[in-house]
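Subject: Structure for you, with notes

Hello,

Here is the structure I promised to pass on. Please open it beside this email and follow along.

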Amino acid sequence: MDAKSIETLEFPKLIERLVAQCGSPGGVELAGALRPSADVDEVRRRLSETSEARALAQLKPNFRIGQAPAIEGQLQSATRSAVLPSSEILEVAILLRTARHVRNQIAPLGRELPQLSRLAQRIADFSPLIGEIESTIDERGEVPDDASAALAEARARIRTIQNRLEQQLERTLRHAVSEGIAQESLITERDGRYVIPIKAESRGSLPSVVHDVSSSGATLFVEPLAVVELGNRLREAHREEEREVERILRALCAAIGGEAGAIRAAIRCISAIDLAQAKARLGAELDAPLPSSDDSLSWIGGEAGDLVLHSARHPLLTGAVVPISTQLTAESRCVLITGPNTGGKTVALKTAGLLCLMAQAGLPIPAETGSQLPVFEDIFADIGDEQSIEQSLSTFSAHMTNMVRIIESAGPGTLVLLDELGAGTDPGEGAALARALLQELLEADCMVVATTHHGELKVFAHATEGIVNASAEFDAVSLQPTYRLLMGTPGRSNALAIAQRLGMPARVIARARDGSSTDAATMEQLLGELQRERDALQEQVRAERIARDEAEQIREQLAARREEAEAERDAMLARTERLMEDELAALRRESRQTLKQLEEQRSRERAAEMLDERSSKERQRLERVRRERTQQRRRREAERAEAPEVDAGQLQAGDFVYLRGLQEPGEVLSAARNGSLEVQLGTLKTRVRVEQIERLAPAAARRAEDGAGRRTSSSVVSVPRPPVDPGSKIDLRGRVTDEALPMVDSFLDLAYRAGQTRLEVVHGKGTGALRRAVREMLRTHPLVTNFESAEPKQGGDGVTIVRMVG
């Protein structure tokens, strides 16, 4: 880009404001060196970073780069194996922590911020190096004792020697004070040695080494010979400490030097992100909407190559800035702006050029959506008069020199900005020269924005293809410029009107009008009429726009009313639909409830039938069991009545006896000895105690046994098993109801057969469902007389005590 034109368009002033927004030395350096690019891809990359920085401000409004000290000097020293002071190493740690912070915050945002995320992902993970520095140097910049075992040992030795040295010095000082050798109890230090002050005349009274003398010469600072050896040892201990600290710092610096390349790469990434954020902050300061936070950047570098500005503002102006709109296309590549002095022509010229430079540098531009900017290969500007922003004066010769340079360099893809074209010389020659320059630039196929006061150029622009007239608007009533740029209409200079507004005497204004050339007067009159016609046309257009807006407003109101009516109808239908759905839901609930009640009633009736049927069966079974037990009891009583009394001493082999709990007799195999005897029970031989013998078998039983024995020697006596004792407790915890109830029924049956009368059913508390089911069963069971909950200490409601019949 042309450096002189960049300076003329005041681009460096924007760079100064950009630099002020940066937070890191690297960002400041990048911002200061920022220049417009002529590469379309590079321009879009820069604008994309700015757009993402704006998005970052929305995603993470509190994110800041943080401290990023300049550490290039430290990196160079560390690379050369130099030992850095601990304070400089801490600055490296600060930079590394900033790099880690930037990486952690931005790298994960690859979908939202692809370019900034890629920059952050290039930052290496410096956590190990950060941890090494933090464990070696504390926040005060000192190396702690635990940095190494050798350092801890050296410092412990220093403290021990120092304590002994101070104790010895205190004893010596007390003695010196008591002897009048020293005036005060003071221990101080000179050249790293501990000394005490003594009177100069008492030097010989204390064997010592003089290290300093007071300014008056009356006091000597001496090191007593008694502590010289301790002082030497203390100094040596300090040297050991310094050597160990240097070794530790050297190792740290070697680690930093090994990561120097990665650290420099991280600094570049941090600086680039800082610059992007600075551009976003500058855009907010300038109220520049382009690029937005989600911009597709279709407005920059389009194939058509048009320059279109909508509501563009000069970024360096303050206050109520009037925006301008203009456009250059392939059909109209030159805009010629005419109009009064102080009307804003030069500002419009500079605005167009400066916004192009800003966009190609990746800076936000203060122009509204709909603007289109090409990427120019170069931008040339010849600007300078008393009405310019910086009051930069220039001569006709300087202008011509500049124009020669521009004509030699201008071509396709360039923008040329010319202020006061043809000024500074004879008006006729100046106008002719201006026409020739415009024709030359049009033939060079570049885009041109020029300002002039020459009336002939207005006619030339109107008659020449590719040139469009534009004017800086002037209010003829208030005699004030409006600073609006009007495309398609040449402007009047209004020199006499401006002079009159500024206080020029009326007689002078009258003479000037009388002295104006007829052609000039006619031209100004035509322009005035054209201005009035344009104003009338604009008024008509404004009236039509107002009428159209009113019609649109009425249409919108009718549409809104129709939408409201439709919405109300939809709401009514929705309410009716909801009511019907609620009624249908209520009907369904009632139906389900009725069905449920019917099902429950049928279930209860079926359950009652099943219960009655089961109760009947159980009663029949109970009666049958009772009859069997009665018959057995009567039979046993009859047998006992027939059986003689048992005399264990008279029992002999071959006798038959009944044992307690058995219904069939057994044969005695041996006489009683030591209170027991051997008995044959079917095929089973066993030894039983005499107390287990209930009675002797009657003769009929013995005969039956003998006959059976004679019929077959291989027959087996049927010895029924005694009833199995199930115990007095059953535990149902963890069982479901369908599984538990059959277990309780079987348990009750076995317990009854075993003669149990009191049982415990453990079912737990839980929800109470199992307890209720068990007790409902017990309530109708024929073998149960009653039941109740156990005592609290025995389980309470979690255990049911059952009382059995018989």
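Below is what was found in it, from the whole chain down to single residues.

Keep one thing in mind from the start: this is a predicted model.

**The whole chain**

The chain has 806 residues, and 40% of them count as buried. Its secondary structure includes 21 helices and 21 strands. Now look at which parts touch. Take the contacts between residues at least 6 apart in sequence. Of these, 68% join residues at least 24 apart. The accessible surface of the chain is about 44,200 Å². Carbon and sulfur atoms account for 48% of that surface.

**Salt bridges**

How many salt bridges does a search of the whole structure find? The search gives 30. Three of them are worth a visit.

Start with glutamate 42 and arginine 46. Their side chains meet in a salt bridge, with 3.0 Å from N to O. Both residues belong to helix H4, which covers residues 40-59. They are four residues apart there, so about one helical turn separates them. Is glutamate 42 buried or partly exposed? Glutamate 42 has 23% relative accessibility, so it counts as partly exposed. Arginine 46 has 14%, so it counts as buried. The cut-off for buried is under 20%.

Stay in helix H4 for the next pair. Glutamate 49 forms a salt bridge with arginine 45. The closest N and O atoms are 2.5 Å apart. Again the partners sit four residues apart in helix H4, about one turn of the helix. Here glutamate 49 is buried, at 9% relative accessibility. Arginine 45 is partly exposed, at 32%.

The third pair is glutamate 142 and arginine 140. Their salt bridge has its closest N and O atoms 3.7 Å apart. Glutamate 142 is partly exposed, with 44% relative accessibility. Arginine 140 reaches 64% and counts as exposed. As for the helix H4 residues above, salt bridges with shared partners join Glu42, Arg45, Arg46 and Glu49 into one network.

**Cavities**

Next, the empty space inside. Rolling a probe the size of a water molecule over the atoms shows where empty space is left. The count here comes to five cavities of 30 Å³ or more. The largest cavity has a volume of about 70 Å³.

Which residues line the largest cavity? They are Asp382, Phe396, His399, Met400, Met403, Asp419, Glu420, Leu421, Gly422 and Ala423. Helix H13, residues 396-409, gives the largest share of this lining, with four residues. Sorted by class, the lining of the largest cavity has five nonpolar, two polar and three charged residues.

**Three single residues**

Glutamate 170 is part of helix H9, residues 149-178. With a relative accessible area of 39%, glutamate 170 is partly exposed. Now find serine 185. Glutamate 170 and serine 185 are 15 residues apart along the chain. Their C-alpha atoms are separated by 8.2 Å.

Glutamine 680 is in strand S15, residues 676-681. Is glutamine 680 buried or exposed? Glutamine 680 is buried, because its relative accessible area is 17%, and the cut-off is under 20%. What does glutamine 680 touch, leaving aside its neighbours within four places in sequence? Its contacts are Gly666, Glu667, Leu669 and Lys685.

Leucine 759 has its place in strand S19, residues 758-762. Its relative accessibility is 0%, so leucine 759 counts as buried. Set aside its neighbours within four places in sequence, and leucine 759 is in contact with Gly727, Ser728, Phe747, Leu748, Ala751, Thr800, Ile801, Val802 and Met804. Pick methionine 804 from that list. Leucine 759 and methionine 804 are 45 residues apart along the chain. Between their C-alpha atoms there are 7.8 Å.

**Where to look**

Try helix H4 to begin with, where glutamate 42 and arginine 46 sit about one helical turn apart. Then go to helix H13 and the four residues it gives to the lining of the largest cavity. Finish at leucine 759 in strand S19.

Best wishes

Key. Residues are numbered from 1 along each chain as its sequence is written. This is a predicted model: local features need pLDDT of at least 70, side-chain atom pairs count only at pLDDT 80 or more; totals for chains, interfaces and linings use all residues. Side-chain values use heavy atoms; hydrogens and water are left out. Helices (H or I, at least four residues) and strands (E, at least two) are DSSP runs, numbered from the N terminus. Buried means under 20% relative accessible area, exposed over 50%, partly exposed in between (1.4 Å probe, protein chains only). Contact means heavy atoms within 4.5 Å. Accessible areas come from the Shrake-Rupley method with a 1.4 Å probe; for residues, only the protein chains shown count as cover. A salt bridge is a side-chain nitrogen of Lys or Arg within 4 Å of a carboxyl oxygen of Asp or Glu. On a 1 Å grid over the protein atoms alone, a cavity is a set of points where a 1.4 Å probe fits but cannot get out, and a pocket is an open set with protein on both sides within 12 Å along at least five of seven lines; lining residues have an atom within 4 Å of a point. Grid points are joined across faces, edges and corners, and a volume is the space filled by probe spheres set on the points. Ala, Val, Leu, Ile, Met, Phe, Trp, Tyr, Cys and Pro count as nonpolar, Asp, Glu, Lys and Arg as charged, and the others, Gly among them, as polar.
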